[in-house]
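Hello,

Here is the structure I promised to pass on. Please take a look at it before reading my notes below.

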Amino acid sequence: MTPDTAPRRGSSTPWIVLVASIALVAFAAVVAAQWVESQARLRRERATAEVVRVVERRMDTYVALLRGVAALFAYDEDVDHEGFAQFVQHLRLEDYPGIQGLGWSERITPERQGAVLARIDGTAPRLWPDQAPDRDRHAIVFLEPLDARNRAAIGFDMHSEASRREAMDRARDEGVPAATEVVRLVQEIDDEVQPGFLIYVPVYEGGDVPSTLEERRARLRGFAYAPFRAGDLFRAMFPDGFGAHLSIHDGTAAHPSHELFEIEASGHTGAPHVERVQIAGRPWTLVVRPRADAVSDSRVVAIAIGLVGGLLTLLAFRSAWAEARARERAERALAIEARHAQFRETFLGVLGHDLRNPLSAVRTTAQALQRSPGMDATTRRALERIVRSTDRAIRMVAQLLDVTRVRLGGGLPIEARPVALAPLLREVVDELCSTHDVRFELELDERLEVHADPDRLAQVLSNLASNALTHGAPPFRVSARAEDRVAHIEVVNQGEPIPPDVLATLFDPFVRGERGGKREGLGLGLYISQQIAIAHGGSLDATSEAERGTRFVVRLPLAG
């Protein structure tokens, strides 16, 4: 080697650049592989979260239906087959696909066996299987709709089978809904046998849940229950498939013998993601395998990045890496927003549908029973209590919906239009006076007109006037006047003044005042009223003095 062809030992830059380039390419390949794996994991988690959301919401709906059935039997011991059939018909089970039926299983002592048999529909009612006569039975008395499958179950003593007995005893002892493990339903009367399970809701004498274990066992009347054919149930939950491999198992592990349902996915699937949920006190295991492609393989990505990365400059690599990091941050932000949106949707859906519909069904049923001829006074009073309690619960749900909209940034829906203030105030006051047998003094300027939602404005006045009736003393007064292009609506009552510490939190949600020993509602009426006033561009405040009484003032801009 001549001096002209030998490399110069003093120049180390090429070697430094080569080593740095190799290190950066290797680093890029490893990071890219990890990123791809994290994305695959995120897809698995999202797919699993969607399955969990669908399953939990649907099963919560069915448990709510069962609570409605339990309420029927808790407050009416004379329900017959025809009445129960009409009750279930009003629930419109066709709107809840996947449920095999709604039923009533009654605790039967040996001396009551004949009376219970007389209530079972059929030409030759019987209790089965046969057993020694000295043990209580828990036989199916009613089960609707009474199709061929459900008719086959009438009279079956479910407590005679170990899996059902475990769930029934757990529901009875804990006073909560309880699901069985995988069982074969007695409704399986043809060749297409599906795995099944049942959910029980206990019903006790007196309607409430006794405080001690001994009382719960002694006062048990029976169970509102529902059988489920797992195939029918989950096909109704996922009518168009799922786009991934999905299997649902009873218990804390995925085992073929405990499999409830499976959806096969075509093509290559990725690694499984396992999630466990509790359904009526029973653990279920969900296994999701999303479809995958070659790009999802981290090893393929690492090799590709390594080959291509050797040809890239340091600047191009750094730009690509910065872009990937920015995209990852954006996806995380979108995922967080999606979770928030899902929370709002789930919360409002549970309140707006899963709670109000069963409550409405209970109220409708109670009102229908009130009209039944020959009803004794005790039963009629119980039904009146049911209707009043249900109406109160529905009002609470409506209030919670309003609070949720405000707290989650949705705002209260307002449909404003020109409203003559005096006739509206007079109508609300007249309604309260007729229902509470009281008198309000009115001082109304007939010329006042505001741009407002009349229903929401009536809600504000009704809340304030009801608050005065509940916590105040006569005379009660409502006035409306104009001052500086602003309408001033005042609701005044006398009585004991509100203490300063209570007045400071008067418009806070879920803070209920105790005056005169009265506690009413959830403490949301004044908070919602203030939010309605604010939504109209106005305000609501309160003062309370011994000489001038308690005064609530709503200020709203005048129309025009």
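Start in helix 7 (residues 230-237), which holds both Asp232 and Arg235. They sit three residues apart, about one turn of the helix. The two form a salt bridge, with the closest N and O atoms 3.4 Å apart. Asp232 is partly exposed, at 29% relative accessible area. Arg235 is partly exposed too, at 40%. This pair belongs to a network: salt bridges with shared partners join Arg149, Glu188, Asp190, Arg229, Asp232 and Arg235.

Keep in mind that this is a predicted model.

Next, go to helix 1 (residues 13-75), home to Glu50 and Arg53. Here again the spacing is three residues, about one turn of the helix. Arg53 forms a salt bridge with Glu50, and the closest N and O atoms lie 2.9 Å apart. Glu50 is partly exposed, with a relative accessible area of 34%.

Then look at Glu106 and Arg112. Their side chains meet in a salt bridge, 3.2 Å from N to O. Which of the two terms fits Glu106, buried or exposed? Glu106 is buried, because its relative accessible area is 4% and the cut-off for buried is under 20%. Its partner Arg112 is partly exposed, at 33%.

Why can such pairs form at all? Side chains of opposite charge can pair when their charged atoms come close.

For the overall picture, a search of the whole structure finds 26 salt bridges. Those described above are among them.

Best wishes

Key:
Residues numbered from 1 in each chain as written. Predicted model: local features only at pLDDT ≥ 70, side-chain atom pairs only at ≥ 80, totals over all residues. Heavy atoms only, no water. Salt bridge = Lys/Arg side-chain N within 4 Å of Asp/Glu carboxyl O. Helix = DSSP H or I, 4+ residues; strand = E, 2+ residues; numbered from the N terminus. Buried < 20%, exposed > 50% of the residue type's maximum accessible area, 1.4 Å probe, protein only.
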